[in-house]
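Please read the following report alongside the sequence and the coordinates. It moves from individual backbone features to charged pairs and then to the contact between chains.

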Amino acid sequence: MPISYWQAIVLGLLQGFSELFPISSLGHSVILPQLLGWNIHQNDSYFITFLVATHLATALVLLGFFWSDWVRIFRGLGRSLRDREIAPDDTDAKLGWLLVVGTIPAGLLGLLLEHKLRTVFASAQSASFFLMINGLLLFGAEALRRRAPQPEHGDPDGRVARRVSWRDAFGVGSIQAAALVPGISRSGVTMGGGLLVGLSNEDAARFAFLLATPIIGAAAALKLPELFGSQGNGVRGPALVGALCAAVTAYFSVRFLMRFFETNRLTPFAAYCLAAGLACTLYFLV
Amino acid sequence: MQRDRLLVWLAVVVGLALIVIAIVYWAEPAKSLPSWLPGHEAGSNHHHVKHGIAAFLLGLACLVFAWFRSAGPRPRSAAA
């Protein structure tokens, strides 16, 4: 069996929380097997199949966690399409189209660059280096933020819809593509982008999670045939176990992070990425 | 007004063209794609499904843009 059940549990738990914490799940899933001496590599077809299952579980957890938001967003999208305009007070419709505008560039860049970037930056050494870069990006986003961190009141979706412009959504969506490089965190760059366009930490996290749901879900759905095809032979059992573990940690992670960012910053994650990236870079160099 | 209409027609034409290109990507192997399309590769039987999805999404975005842009001006209620 290419991935044992024990490895599936560890990698599933890791994937579930590192996908949502701004610390790069892909980077960790490249680095950890190397650190533990496991014969698992990022470009192995069975490992990609395994990751599909864990990503799908994470996307479903995100969808479930923000279910009421998504229902409102889809109703808003429907209203705006019917009326052929986005009413100025319809924040659900505005947020829905902001997510579409942010998802299109991320999806296009992902579709076109994913394979090339995954091939070029597949090593644990490069993932460690980019984990350091991720730490610097998070520090930079906190330093250059437009708003002071403070608790906010009222409808969070409405706040995001009012503060984010179309251009901002396009920019924040586009930088998600940076997360195709192992070591760079999708949620990290989108939260950082959110801070740079004037969102609070809480709203930036919410916008990042809403933006991540269609991308993670679509990327997983696109590769779902591999899980159920011949490529999934021998890995479906561990993939299911890994997916369940990822779902559990993803749920607790999103719950924790939404509370954490009400009053806290990205700084602890930036420090972790910088320290862990530096330590792993030195370890792999020696 | 004239410029708006031109933009709408441009978005419709580009949107439809991209959706046609998406279908070509899905239906034809890389060797049969026109040489001017990205992904053309002589002798390859690979289907560029992802290129097709990308073209389809872009085409859909163009059509949605045209749908909103072509709506006439809305009367606003005086009461506020």
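## Loop residues with positive phi

A:Ser24 is found in the loop between α1 and α2 of chain A, and in this predicted model its phi is near 70°, a positive value in a residue other than glycine. The relative accessibility of A:Ser24 is 2%, so the residue counts as buried, the cut-off for that class being under 20% relative accessible area.

A second residue with this backbone feature is A:Arg84, whose phi is near 60°, again a positive value in a residue other than glycine. A:Arg84 belongs to the loop between α4 (67-83) and α5 (91-120) of chain A, and with a relative accessible area of 23% this arginine is classed as partly exposed.

## Salt bridges in the model

Over all chains, a search of the whole structure finds 13 salt bridges. One of them pairs A:Arg186 with A:Glu19, with the closest N and O atoms 3.6 Å apart. This pair links distant parts of the chain, since A:Arg186 lies in helix α9 (residues 186-196) of chain A, while A:Glu19 sits in the loop between α1 (5-18) and α2 (25-35) of chain A, 167 residues apart. A:Glu19 has a relative accessibility of 5% and therefore counts as buried.

A further salt bridge is formed by A:Arg163 and A:Asp203, whose closest N and O atoms are 3.7 Å apart. A:Arg163 lies in helix α7 (residues 156-163) of chain A and A:Asp203 in helix α10 (residues 201-222) of chain A, so the pair ties together parts that are 40 residues apart in sequence. The two partners fall into separate accessibility classes: A:Arg163 is partly exposed, with a relative accessible area of 30%, whereas A:Asp203 counts as buried at 0% relative accessibility. Elsewhere, salt bridges that share partners join A:Asp69, A:Arg72, A:Asp92, A:Asp155, A:Asp157 and A:Arg206 into one network.

The salt bridge between A:Arg82 and A:Asp83 has its closest N and O atoms 3.0 Å apart. Here A:Arg82 is exposed, with a relative accessible area of 60%, and A:Asp83 is partly exposed, its relative accessible area being 28%.

## Two helical positions in chain A

A:Gln7 lies in helix α1 of chain A and, with a relative accessible area of 13%, is buried. When its neighbours within four places in sequence are left aside, A:Gln7 is in contact with A:Pro2, A:Trp38 and A:Ile40.

A:Arg259, by contrast, is exposed, with a relative accessible area of 57%, and its place is in helix α12 (residues 236-263) of chain A. The C-alpha atoms of A:Arg259 and A:Trp67 are separated by 18 Å, the two residues being 192 residues apart along the chain.

## Chain B on its own

Chain B consists of 80 residues, of which 28% count as buried, and its secondary structure comprises two helices and zero strands. If contacts in chain B are restricted to residues at least 6 apart in sequence, 50% of those contacts join residues at least 24 apart. The area that chain B exposes is about 5,500 Å², and carbon and sulfur atoms supply 68% of it.

## The interface between chain B and chain A

How many residues of each chain take part in the contact between chain B and chain A? On the side of chain B there are 13 residues, and these are in contact with 14 residues of chain A. The area buried between the two chains is about 1,400 Å², with carbon and sulfur atoms giving 70% of that area. The residues of the side of chain B that touches chain A divide into eight nonpolar, two polar and three charged.

As for specific polar interactions, the rule finds zero salt bridges across the interface of chain B and chain A. Polar contacts are nevertheless present there, the count between chain B and chain A being three residue pairs, with both residues at pLDDT 80 or more.

Key:
Residues are numbered from 1 along each chain as its sequence is written. Chains are lettered from A and ligands numbered from 1 in the order in which they are written. This is a predicted model: local features need pLDDT of at least 70, side-chain atom pairs count only at pLDDT 80 or more; totals for chains, interfaces and linings use all residues. Side-chain values use heavy atoms; hydrogens and water are left out. Contact means heavy atoms within 4.5 Å. Buried area is the accessible area (1.4 Å probe) that two parts lose on being put together, summed over both. A salt bridge is a side-chain nitrogen of Lys or Arg within 4 Å of a carboxyl oxygen of Asp or Glu. A polar contact is a pair of N or O atoms within 3.5 Å; within protein, one must be able to donate a hydrogen and the other to accept it, and residues adjacent in sequence count only if both atoms are side-chain atoms. Ala, Val, Leu, Ile, Met, Phe, Trp, Tyr, Cys and Pro count as nonpolar, Asp, Glu, Lys and Arg as charged, and the others, Gly among them, as polar. Helices (H or I, at least four residues) and strands (E, at least two) are DSSP runs, numbered from the N terminus. Buried means under 20% relative accessible area, exposed over 50%, partly exposed in between (1.4 Å probe, protein chains only). Accessible areas come from the Shrake-Rupley method with a 1.4 Å probe; for residues, only the protein chains shown count as cover.
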